[in-house]
Amino acid sequence: VVDVLARFGNAHLSELMKAVAAAQAMTTRQADLILAIARSRPSARGAVAQELAALWPTARDFAVRYRLISALGFLDAAGHLSVLRSAATDDDPMLRLQAVRQLRDLPAPAAAAIGPLLQHAIDDADPRIRAEAGAIIGRWPHDRTWGDRLAQRLNSERWNFVAATLAQAIG
């Protein structure tokens with residue numbers, strides 16, 4: 001599917017995205033198509049990401065929302081932090097985790113923009129999300145404030161795998 005979509009011209013891509021957006025209730029198959037579109041158009045990342053971000057407010061199905069988060073992370077996580085922020089505070093822990101995972105490959109200068117999101121994620125009820133947030137923070141050079149915050153979290157962490165990740169992030 002990805003190879004077939006890659007052969008489509010950009011005009012066809014626009015029509016395809018309009019058809020996906022016009023669906024009353026997006027299905028899992030349409031969500032799979034969204035991921036295929038994202039992977040088939042590396043040259044049109046910004047435009048495709050913009051179209052996909054517009055679908056977020058109306059998407060209700062878990063599979064659709066999960067794939068939208070994945071596609072936006074693949075295409076342009078830095079450009080669509082508002083969607084990732086929304087997903088990172090969703091009621092569903094898998095959506096929160098997927099949103100935080102999309103921040104992994106952002107460069108260190110993005111730390112200021114996503115700091116509040118990671119600050120929230122480091123205290124999430126789900127230990128997987130806390131561990132992921134700690135690992136992301138550990139990849140960047142961080143100031144004493146982050147080090148103190150990680151140490152504070154480490155002191156109260158009851159999950160061994162999260163504690164190990166936080167300790168490694170502190171350095």
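Helix 5 and helix 7 run roughly parallel to each other, and that pairing is a good way into this predicted model. Their axes come within 9 Å and cross at roughly 10°. The chain as a whole comes to 11 helices and zero strands, and 46% of its 171 residues count as buried. Here's a quick tour, starting with helix 5 and its partners.

**Helix 5 against helix 7**

- Helix 5 covers residues 62-76, and helix 7 covers residues 93-101.
- On the helix 5 side, the residues that meet helix 7 are Phe62, Arg65, Tyr66, Ile69 and Ser70.
- Helix 7 answers with Met94, Leu95, Gln98 and Ala99.
- Sorted by class, this contact of helix 5 with helix 7 has six nonpolar, two polar and one charged residues.

**Helix 5 against helix 3**

- Helix 3 (residues 28-40) also pairs up with helix 5: the axes come within 9 Å and cross at roughly 5°.
- A crossing of roughly 5° falls under the 35 degrees that count as roughly parallel, so helix 3 and helix 5 are roughly parallel to each other.
- From helix 3, the contact takes in Thr28, Ala31, Asp32, Ile34, Leu35, Ala38 and Arg39.
- From helix 5 come Ala63, Val64, Arg67, Leu68, Ser70, Ala71, Phe74 and Leu75.
- The residues of this helix 3 and helix 5 contact split into 10 nonpolar, two polar and three charged.
- Ser70 turns up here in the contact with helix 3, and Ser70 is also among the residues that meet helix 7.

**Arg65, a charged residue under cover**

- Is Arg65 buried or exposed? Arg65 sits in helix 5 and has 9% relative accessibility, which is under the 20% cut-off, so Arg65 counts as buried.
- Setting aside neighbours within four places in sequence, Arg65 touches Trp56, Ala59, Arg60, Asp90 and Leu95.
- Leu95 is also on the helix 7 side of the contact with helix 5.

**The nonpolar core**

- As a general point, nonpolar side chains in soluble globular proteins tend to be buried together.
- In this model, the largest nonpolar core has 49 residues, and those with the most contacts inside it are Leu52, Leu68, Leu103 and Leu118.
- Which helix gives the most to this core? That's helix 5, with six residues.
- Leu68, leaving aside neighbours within four places in sequence, is in contact with Ile34, Leu52, Leu55, Trp56 and Ala59.
- Ile34 is on the helix 3 side of the contact with helix 5, and Leu68 is on the helix 5 side.

**Ala88 and helix 8**

- Ala88 belongs to helix 6 (residues 81-88) and is buried, with a relative accessible area of 6%.
- Beyond its neighbours within four places in sequence, Ala88 is in contact with Arg96, Ala99, Leu117 and His120.
- The C-alpha atoms of Ala88 and Arg101 are separated by 9.7 Å, and the two residues are 13 residues apart along the chain.
- Leu117 is one of the buried residues of helix 8 (residues 111-121), alongside Ala111, Ile114, Gly115, Leu118 and Ala121.
- What covers the buried residues of helix 8? The cover includes helix 6, helix 7, helix 9 (127-139) and helix 10 (144-156).

**Whole-chain numbers**

- Among contacts between residues at least 6 apart in sequence, 63% join residues at least 24 apart.
- The accessible surface of the chain comes to about 8,900 Å², with 53% of it belonging to carbon and sulfur atoms.

Conventions
Residues numbered from 1 in each chain as written. Predicted model: local features only at pLDDT ≥ 70, side-chain atom pairs only at ≥ 80, totals over all residues. Heavy atoms only, no water. Axes fitted to C-alpha atoms, helices over the stretch in contact; angles between N-to-C directions. Helix = DSSP H or I, 4+ residues; strand = E, 2+ residues; numbered from the N terminus. Parallel < 35°, antiparallel > 145°, perpendicular 65-115°, else oblique. Contact = heavy atoms within 4.5 Å. Nonpolar A, V, L, I, M, F, W, Y, C, P; charged D, E, K, R; others polar. Buried < 20%, exposed > 50% of the residue type's maximum accessible area, 1.4 Å probe, protein only. Core = buried A, V, L, I, M, F, W, Y, C linked by side-chain atoms within 4.5 Å. Areas by Shrake-Rupley, 256 points an atom, 1.4 Å probe, with all protein chains shown as cover.
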